[in-house]
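Hi,

Here is the structure I promised, with my notes below it. Please open it next to the text as you read.

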Amino acid sequence: MDSHGSAVRVPKTAELVAQLLRERIVRGELSEGETLPPEAGLMAEFRVSRPTLREAFRVLESEGLITVHRGSRGGARVRVPTVDVVARYAGLVLEHSGVSVADLSTAQAILEVACARTVASRRDPLQIADLRKAVEQAARVKDPLKQLEAQNRFHQRLVEEAGNLTVGVLHSAVQQLIDLALMDRATTGSWRASAAQHLGARAHQKFVDLLAAGDVEASGALWRRHIEETHEYLSGHEDGPG
């Protein structure tokens, strides 16, 4: 019992073993693709039984931190955690919670507008050139769905240019679900491809121009409006994302 009279859950031995191995992977003591030591060695090190060790392996495997291969040449190999893995799990939690498009769009605006202001304040020629190149590449894509995908990638690129890893992870989770919603709408037949292409490309081009000018306020305001118009599109009130 704790001081409030509530029962305190004691972690299982397998969970403790999984935590120790997890820490080694995160600290870089175990590298991508490296095989974990033989079971006998780990059992002796942690003073646990084979069933307990294998339960710890199952925990790590479910987290995507190892892959376990059975058989005479089997073993557990390390998989270093990536941003995509974290974003995918966060996206699953949001989807399971029944998050609304409005909620996603609000989160997207908070994250991306902050990134837009950061990039605009830096006025880094290399970053501006990179973003402008992304806009031009998207504009050259003729297939409407592929161009929509390219425009969506621009949003991700903007966040990457801001350089905050935590924001990047959170944004990836939100963006994945928004991308799914956009592509779902785009393939239902209610989508006017030409309008979506034109409005999205125009907003992106103007936005990069504002970044190049170092206009923090205007670039942030335009990007917020762009996201709000995209939300209107996803809600069925517009012909295409702005």
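H5 and H8 are oblique to each other, because their axes cross at roughly 135°, and an angle counts as oblique when it falls outside the parallel, antiparallel and perpendicular ranges. This is a predicted model, so please read everything here as computed. H5 covers residues 101-122 and H8 covers residues 165-186. Their axes come within 10 Å. The crossing of H5 past H8 is left-handed.

Which residues in H5 and H8 meet? From H5 come Leu104, Ser105, Ala107, Gln108, Leu111, Glu112 and Cys115. On the H8 side they meet Val167, Leu170, His171, Val174, Gln175, Leu177 and Ile178. Sorted by class, this contact has nine nonpolar residues, four polar ones and one charged one.

H5 also packs against H7, which spans residues 144-162. Here the angle is about 55° and the axes are 8 Å apart. That angle makes H5 oblique to H7. H5 passes H7 in a left-handed crossing.

The H5 residues in this second contact are Gln108, Glu112, Cys115, Ala116, Thr118, Val119 and Arg122. Their partners in H7 are His155, Leu158, Val159, Glu161 and Ala162. By class, the contact of H5 with H7 has six nonpolar, three polar and three charged residues. Gln108, Glu112 and Cys115 are worth finding on screen: they meet H8 residues, and they are also listed in the contact with H7.

Now to a single residue in H8. Leu182 lies in that helix. Is Leu182 buried or exposed? Leu182 is buried, because its relative accessible area is 3% and the cut-off for buried is under 20%.

What is Leu182 in contact with, leaving aside its neighbours within four places in sequence? The list is Leu148, Asn152, Thr230, Tyr233 and Leu234. Leu148 and Asn152 fall within the H7 range, residues 144-162. Thr230 sits 48 residues from Leu182 along the chain. Even so, the C-alpha atoms of Leu182 and Thr230 are separated by 8.8 Å.

Last, the aromatic rings. How many aromatic pairs does a search of the whole structure find? It finds three. Ring pairs link Phe154, Phe207 and Trp223 into a cluster.

For a quick tour, begin with H5 and its crossing with H8. Then turn to H5 and H7. Go on to Leu182 in H8, and finish at the cluster of Phe154, Phe207 and Trp223.

Best wishes

Technical notes:
Residues are numbered from 1 along each chain as its sequence is written. This is a predicted model: local features need pLDDT of at least 70, side-chain atom pairs count only at pLDDT 80 or more; totals for chains, interfaces and linings use all residues. Side-chain values use heavy atoms; hydrogens and water are left out. Axes are lines fitted to C-alpha atoms, for helices over the stretch in contact, and angles run from 0 to 180 degrees between N-to-C directions. Helices (H or I, at least four residues) and strands (E, at least two) are DSSP runs, numbered from the N terminus. Angles under 35 degrees count as roughly parallel, over 145 as roughly antiparallel, 65 to 115 as roughly perpendicular and the rest as oblique. A crossing is left-handed if the near helix is turned anticlockwise from the far one by less than a right angle, and right-handed if clockwise. Contact means heavy atoms within 4.5 Å. Ala, Val, Leu, Ile, Met, Phe, Trp, Tyr, Cys and Pro count as nonpolar, Asp, Glu, Lys and Arg as charged, and the others, Gly among them, as polar. Rings of Phe, Tyr and Trp (its six-membered ring) pair if their centres lie within 6.5 Å; planes under 30 degrees apart count as stacked, over 60 as edge-to-face and the rest as tilted. Buried means under 20% relative accessible area, exposed over 50%, partly exposed in between (1.4 Å probe, protein chains only).
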